[in-house]
Amino acid sequence: MTRASDTQGGPVALSKEGLPGWLDPVVYAVETVQPLQLSRFLPPENGAGRQSAVLILFGEGERGPELLLMERASSLRSHAGQPSFPGGALDPEDGDPKADGPLRAALREAEEETGLDPAGVQLFGVLPKLYIPISSFVVTPVLGWWREPSPVGVVDPNETARVFTVPVADLTDPAHRVTAVHPRGHQGPAFLVESALVWGFTAGIIDRLLHYAGWERPWDRAKQVPLDWRS
């Protein structure tokens, strides 16, 4: 088994060895999904955009499979108060953006933001790079299995309001699914879980993963939640 053991220049590789069986549909989805099946916003062909990565970390909690999320501090200038995956821009020390740079960046950012111990994470897949036009970020979603759970929590209150896990059972529950409506008019999937509204890029990724893993349950897309104008 190859494990991510060091976010600063050490060996960081992908491995599907020893994953729990319930992750098989996710592995299949990651290996077969096409970029446009995830989002209509794809990286500019000219290579523009700031390279970044997020960690989509699956663990196993008291209620079965779960995902690690964090809520951004309400004082931040962008995406304030918004739940998200741990992640951020690549640093030079993360290495080649076209190689293992995004893997190392996802683990480093998760450690910096949540206190996660990267040694307990087994990275097993990478989704196609996506683009967030409003911030010009080119995002590589990196998927991991929390093989050896470690304590997590807020590291810097100026950056993060809280760190929490969400059972996949809650994410697939139709009662927790809504359509978020932005004041500018665009709409997208959202989740009402753990006293939070998960929307935007993060909700879009979760929505597509649930769909292509075959975990999605029919839900009422007409059930809408308006977003704050500052979102």
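In the predicted model, four strands form an open sheet in the order S11-S10-S9-S12, and their pairing is mixed. The edge positions are taken by S11 and strand S12 (224-226); each has a single partner strand, so one side of each is left without a neighbour in the sheet. Averaged over neighbouring strands of this sheet and with direction ignored, the turn of one strand against the next is 40°. S10 and S11 run antiparallel and are joined by three bridges. Within this pair, Leu192 is placed opposite Leu197 of S11. Helix H5 lies across strand S9 (177-181), S10 and S11, and its direction makes an angle of about 85° with S10.

The loop between strand S10 (187-193) and strand S11 (196-198) contains Ser195. Although Ser195 is not a glycine, its phi is positive, at about 60°. The relative accessible area of Ser195 is 81%, and the residue is therefore classed as exposed, the cut-off being over 50%. A positive phi is also found at Ser136, again a residue other than glycine, with a value near 60°. Ser136 belongs to the loop that links strand S6 (130-132) and strand S7 (137-146). With a relative accessible area of 32%, Ser136 counts as partly exposed.

The largest nonpolar core comprises 34 residues, and those with the most contacts inside it are Val26, Ile56, Phe58, Phe124, Leu127 and Leu143. Helix H5 (residues 200-212) supplies the largest share of this core, namely five residues. A second core, separate from this one, has 18 residues, among them Val12, Val121, Leu123 and Trp146.

For Leu127, neighbours within four places in sequence being left aside, the residues in contact are Val30, Val33, Leu38, Ile56, Thr140, Pro141, Leu143, Ile205 and Leu209. Two of the residues listed above for the largest core, Ile56 and Leu143, thus recur among the contacts of Leu127. Phe58 is located in strand S1 (residues 50-61). Its relative accessibility is 3%, and Phe58 is therefore classed as buried, for which the cut-off is under 20%. Between Phe58 and Phe137, which are 79 residues apart in sequence, the C-alpha to C-alpha distance is 24 Å.

His211 is part of helix H5. The relative accessibility of His211 is 34%, which places the residue in the partly exposed class. Along the chain, His211 and Val26 are 185 residues apart, while their C-alpha atoms are separated by 9.9 Å. Val26 is also one of the residues with the most contacts inside the largest nonpolar core.

Gln82 is situated in the loop between strand S2 (64-72) and strand S3 (83-84). Despite this loop position, Gln82 counts as buried, because its relative accessibility is 9% and the cut-off is under 20%. When residues up to four places away in sequence are not counted, Gln82 touches Met70, Glu71 and Arg72, together with Trp199 and Gly200. Of the loop residues described here, Gln82 is thus buried, Ser136 is partly exposed and Ser195 is exposed.

Methods: Residues numbered from 1 in each chain as written. Predicted model: local features only at pLDDT ≥ 70, side-chain atom pairs only at ≥ 80, totals over all residues. Heavy atoms only, no water. Helix = DSSP H or I, 4+ residues; strand = E, 2+ residues; numbered from the N terminus. Buried < 20%, exposed > 50% of the residue type's maximum accessible area, 1.4 Å probe, protein only. Contact = heavy atoms within 4.5 Å. Core = buried A, V, L, I, M, F, W, Y, C linked by side-chain atoms within 4.5 Å. Pairing = 2+ DSSP bridges. Axes fitted to C-alpha atoms, helices over the stretch in contact; angles between N-to-C directions.
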